[in-house]
Amino acid sequence: MEIVTLIYIVFAIAFGAIVMYFILRNKKSEITDKTEDSIQSFAENKLAEEYEQKVQDYENQISNLDKQLKEVLNKSTDELVKLQLVENEYLKNEIKDREVDLAIEKNNLLSENNELQNKISNYDSKIKGLEEDIEDYEDDIASEKRKLTEKNIENEELQDTIRKYTITNRELNEEIKEIKFELKEKTEENNLKSNSLNFIEEILSAEELKKEEIAEYEPIDNMVEYIEKLRDRLTVDRQILKRWSITQKKHWLKNKITIAFVGEFSAGKTSIVNRILSQDDPNVPLLPVNTKPTTAIPTYISRGVSTQYRFVSPDHVLKDISEKIFMQVSKEVLDQIKGATNLISHFVMSYKNDNLQNLSMLDTPGFNSNDKKDAERTIAVINECDALFWVMDVNSGAINKSSIDLIRNHLQKPLYVVINKVDTKATSEVQKVEQLMRATFKNAGIPVKEFIHFSAKADLYGIMKPILSVKNNNGQDFFLENISSQLEQLEKQNELLVENAKYEKDKEISKVHKLTDELVSVLQDLQQNCEKAASIPKWTEHVFKKDRYEMTVEEGSKLGEILTFIYETQVNDITNIYNEQLDSVSKAQESIEIYYNNLESLSKINDFQKNFTKLKQPLI
């Protein structure tokens, strides 16, 4: 067989293999187009694997033939012929075998194709069934979607309803909360009103103390009445007189050092007062301490034979009050009834406490309250005390301007500043607060006796030491001594006025006498000059003429001189002296009148002094 023929055969086989490959691929593509994704994947993978393997085998064989052909071409022609013959025989046999194999393979492929066709047919049926099922399902889905849409609409309506109910429920809950809060407030308000009514009822029904239980007011009232009569002669402020009268009637202050405590709410003022009262003894009765402002009315705390709670009415009558009502009194309670605080001037709390043997304390509402009445009540009593202790919380760090102004304008007693709760701050911070306070009071022109650091845990001696150093500068005789001093001064002034009036009287009388003497002297000179003038003309009798006074020219000149002197000098001197004498007599009469008036005033003042001493005696 020729080489060219052999090459054609080889290419024919290769071409046939390639055509078969593409046919099978097209067949495979047709199959895959008719099946669903799952069937297509299965058949495609299987056919691809088998035919790709066969094509690979054919390609390998063609490659081998290629190699052999190249080898043949490289050998001699004879050898090639021999080899070709052998190869031809081999190829013939091989082709026959391949044809058989291809036939078998074709049959197998046809069989497999039939099977695949059957499977595809089955799958088509199944797909058709599935498509019908899908259509049914789609109808069901559409129906379910409609139902779902309806349900969604219904659900949205339900959601709207739920939202509305939720909002309504929330509003109801808020309303319930507000009602509960309002109910709580109303309950508290009712309790406050109930306490206020109980307070008012007890205040209005309180009886005056027996005469022996209170100070004798009559001598005080007599003294006030008498001093009122002397107001035109003495420097007496009615407010001060009234305050003295009230203070004198506060027997719990008599012969004791009295200190007042003022402070802003929550500064710890009442707690400090309680520590001083108890000296850290838990068995000693204390003032009520609350988280809300309690000191609505000035409260005096003093020693007594037993625990007693009393109040002084605005007309200065001392009455009893129960401990229960006293403990209930607070700003909130009093604010419930308008004018309730006007029923009480101040409270008086006394009990057997040796710590108050020589000490009385005053707990006050303070200056910083929004209630103007609180400030007025505090101002009315702080100057009855010997010293004022201003309590401030170190955490507040400052004192408000209104308090500074009130202290500067109204405080007349020594001031101590207590920086409280110092245990809540570092020492350096406490020092800064003190420096700020020092600068504030200095700039306001307010002297401070001492700055005291204190706390609930501090040693009590830290505040007792300055308290014990306070001097009693508001003794019961201070005001009376001032009046007595004024009377003595008035007496001295009137004695001096009497002396001056006597001196003026004597001087004017002496001047009158002197002027009288001068007038007598001038009149005597005038008389002498008149006598001289009268002696100059001589009476002369004539025979042939009428009798007459005659004088010489020289005598006439002399007479003229005398008359001119009388007219121009002596008459003027007499007139001047007379007028001066009249004025001097008037002044003398006036000085005499002043003198006797001053004598009378001095006598009255002596009487005032005697009467004052007499009225003062029961008050000593």
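This report describes the fold, the cores and several individual residues of one predicted protein chain.

**Overall picture and confidence**

The chain has 620 residues, of which buried residues make up 35%, and its secondary structure comprises 14 helices and 11 strands. Among the contacts with a sequence separation of 6 or more, 82% are between residues 24 or more positions apart. The exposed surface of the chain is about 38,600 Å², and carbon and sulfur atoms supply 51% of that area.

The mean pLDDT of the chain is 76, with 75% of the residues reaching 70 or more. Confidence is lowest in helix α1, residues 3-34, where the mean is 58, and highest in β9, where the value is 93. Where pLDDT is low, the predicted coordinates should not be read in detail.

**The nonpolar cores**

The largest nonpolar core has 39 residues, and those with the most contacts inside it are I259, F261, M361 and F389. Helix α6, residues 269-278, provides the largest share of this core, 4 residues. A second, separate core has 31 residues, including I382, V394, V422 and V430.

Within the largest core, F389 can be followed in detail: leaving out residues up to four places away in sequence, F389 touches I259, A260, F261 and V262, and also Y416, V418, I452, P466, I467 and V470.

Helix α6 itself is mostly covered, since 9 of its 10 residues are buried. The buried residues of α6 are not confined to nonpolar types, for K269, T270, N274, R275 and S278 are among them, together with I272, V273, I276 and L277. Just after α6, Q279 takes a positive phi of about 50°.

**Helix α11 and its surroundings**

Helix α11 spans residues 427-443, and its 17 residues reach 24 Å from the first C-alpha to the last, close to the 24 Å expected at 1.5 Å a residue. The buried residues of α11 are V430, V433, E434, M437 and F441. These residues cover an arc of only 100° around the axis, which puts them on the same side of α11. An α-helix has 3.6 residues a turn, so residues three or four places apart point the same way.

On the other side of α11, K432, Q435, K442 and N443 are exposed. The buried residues of the helix pack against β7 (387-393), α10 (401-410), β8 (415-420) and β9 (450-453). One of these buried residues, V430, also belongs to the second core.

Two backbone positions around this helix deserve a note. After α11 comes G445, whose phi is positive, near 75°. In the loop between β8 and α11 lies K421, which has a positive phi of about 60° although it is not a glycine. Most residues other than glycine have a negative phi. K421 is partly exposed, with a relative accessible area of 26%.

**Individual residues and their spatial neighbours**

Three further residues illustrate how position along the chain relates to position in space. The table lists C-alpha separations for each pair.

| Pair | Separation in sequence | C-alpha distance |
|---|---|---|
| Y567 and L526 | 41 residues | 9.9 Å |
| K319 and Y309 | 10 residues | 8.8 Å |
| E208 and V317 | 109 residues | 6.8 Å |

Y567 lies in helix α14, residues 553-616, and is exposed, with a relative accessible area of 61%. K319 has its place in strand β4, residues 318-320. With a relative accessible area of 18%, K319 counts as buried, because the cut-off for that class is under 20%.

E208 is placed in the loop between α3 (77-205) and α4 (218-229), and at 56% relative accessibility it counts as exposed. Apart from neighbours within four places in sequence, E208 is in contact with V317, L318 and K319. The contacts of E208 thus include K319, a residue of strand β4, so that an exposed loop residue is in contact with a buried strand residue.

Notes: Residues numbered from 1 in each chain as written. Predicted model: local features only at pLDDT ≥ 70, side-chain atom pairs only at ≥ 80, totals over all residues. Heavy atoms only, no water. Core = buried A, V, L, I, M, F, W, Y, C linked by side-chain atoms within 4.5 Å. Buried < 20%, exposed > 50% of the residue type's maximum accessible area, 1.4 Å probe, protein only. Contact = heavy atoms within 4.5 Å. Areas by Shrake-Rupley, 256 points an atom, 1.4 Å probe, with all protein chains shown as cover. Expected span 1.5 Å × (residues − 1). Arc of directions from axis to C-beta. pLDDT = per-residue confidence, 0-100.
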